[in-house]
Amino acid sequence: MLEILTHHNLLPYNTFGLHANAARFCELTNVNQLIDIYSRPDFDPTNTLWLGGGSNVLFMEDYDGLVVHMANKGVQKVGRKQGKVLLEAQAGEIWHDFVIKTISMGLSGLENLSLIPGTVGASPVQNIGAYGVEVKDFIEHVRCFDLQTHEFIELSNKDCLFNYRDSIFKHGGKGRYVIVSVTFVLDTQFEPVIQYGDLAKVIAEQCGEREPNAKDVSNAVCKIRQSKLPNPAELGNVGSFYKNPIISAEKFRELHTKFPNIPHYPQKDGNVKIAAGWLIDQCGLKGKQIGGAAVHDKQALILINKNKAIASDVRGLSNFICADVWIKFGVSLVAEPLWLPE
């Protein structure tokens, strides 16, 4: 029997640690409970939040609808494709735990995405990425419950309309598709992707002359992330707060003339991705604090809950950062987390 709680505290369900309550709340541990949810006479799909690990949301105030915490678990092999393994993971699986499990199973592909907070179900929404890898490159299909047709469907990789930190689940599929599981296509033959940042250097320090394996890459990623990124359990945050801006080649040439050391990554379409954290750092904003919210002093891309931050502190700090970056560089920053209400 599905239990609906009222006026439920959401503090344990968002990694930034903002105080908010849900008018109604339930925990989904089995996908069949979706039928119980949508069959309720008071169910309103337009006022329902499907919440995973809470690592990509910022509660600006109490949520006046229903919050469904996706807590369904399970990982299983479901087939093979062109010599690779198809692995289905339920939406409520903790992402990092799932990555470590794939490595223990002798599978590779996701190791660069180690230690990203959140759940498996959230991974395709944001098309999470790190150290030169995006999750879209390993997703075979996403199983969803369609709130319009009340049927379970499978969206292929192509159907998901993946882009940089983007997918159909942020646009046309938002409010319609509830992700219940994701099937990944993973390799049994390890091919390292270690060209990004300090990854190759850290791996060389760990492995010496020995050829690295997927576990080595995962360990190196974890080491780098832990040296720069605070643990949300100890210091509230939502990971990278801003997307890395993608600008035109013309705009990049303008910036590169003024700032020759600007980190940049040419894109296939001719545009150039630049590092949001570098832009913020060049504005001298590490440690900048408004109320209880602050820019992390080790990584400018991270905003932290330093001292019992409230929603207006986070909003004020973000607005300040965006204005400073615009004034200095003429580049707009876009926040990654979802502001609720939007």
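Modeller: Let's start with a term: helices (H or I, at least four residues) and strands (E, at least two) are DSSP runs, numbered from the N terminus. By that rule the protein has eight helices and 20 strands. This is a predicted model, where local features need pLDDT of at least 70, side-chain atom pairs count only at pLDDT 80 or more, and totals for chains, interfaces and linings use all residues. Residues are numbered from 1 along each chain as its sequence is written, and side-chain values use heavy atoms, with hydrogens and water left out.

Biologist: How do you know that the protein agrees with a compact globule?

Modeller: The radius of gyration is taken over C-alpha atoms, and the globule rule is 2.2 Å times the number of residues to the power 0.38. For 342 residues a compact globule would come out near 20 Å, and the protein has 20 Å, so the two agree. Its C-alpha trace spans about 60 × 50 × 35 Å along the principal axes.

Biologist: Why is arginine 24 called buried?

Modeller: Buried means under 20% relative accessible area, exposed over 50%, and partly exposed in between (1.4 Å probe, protein chains only). Arginine 24 has 19%, so buried is the right word. Across the protein, buried residues make up 52% of the 342 residues.

Biologist: What makes arginine 24 and aspartate 42 a salt bridge?

Modeller: A salt bridge is a side-chain nitrogen of Lys or Arg within 4 Å of a carboxyl oxygen of Asp or Glu. Here the N to O distance is 3.1 Å, so the pair qualifies. Arginine 24 sits in strand β2 (residues 21-28) and aspartate 42 in the loop between α1 (33-38) and β3 (48-51), so the bridge ties together parts that are 18 residues apart in sequence. Aspartate 42, at 34% relative accessibility, counts as partly exposed. The structure holds 11 salt bridges.

Biologist: How do you know that glutamate 134 and arginine 165 meet in a salt bridge too?

Modeller: Their N to O distance is 3.7 Å, so this pair also passes the cut-off. Glutamate 134 lies in strand β9 (residues 133-134) and arginine 165 in the loop between β11 (151-156) and β12 (177-186), so parts 31 residues apart in sequence are tied together. Both residues are buried, and a network of salt bridges links Glu134, Lys136, Asp137 and Arg165.

Biologist: What about lysine 251 and glutamate 254: where do they lie?

Modeller: Both are in helix α6 (residues 249-258), three residues apart, about one turn of the helix. Their closest N and O atoms are 3.2 Å apart, forming a salt bridge. Lysine 251 has 18% relative accessibility and therefore counts as buried, while glutamate 254, at 36%, is partly exposed.

Biologist: Why does aspartate 313 have no salt bridge?

Modeller: The nearest side chain of opposite charge, arginine 315, is 11 Å away, so the pair does not meet the salt-bridge cut-off. Aspartate 313 is buried and belongs to helix α8 (residues 311-329). Leaving aside neighbours within four places in sequence, aspartate 313 is in contact (heavy atoms within 4.5 Å) with Ile290, Gly291, Gly292 and Ala293.

Biologist: What makes histidine 7 worth pointing out?

Modeller: Most residues other than glycine have a negative phi, and most peptide bonds are trans. Histidine 7 has a positive phi, near 45 degrees. This residue lies in strand β1 (residues 5-9) and, at 58% relative accessibility, counts as exposed. A cis peptide bond joins leucine 340 and proline 341, with omega about -5 degrees.

Conventions:
Lys, Arg positive; Asp, Glu negative; His and termini not counted.
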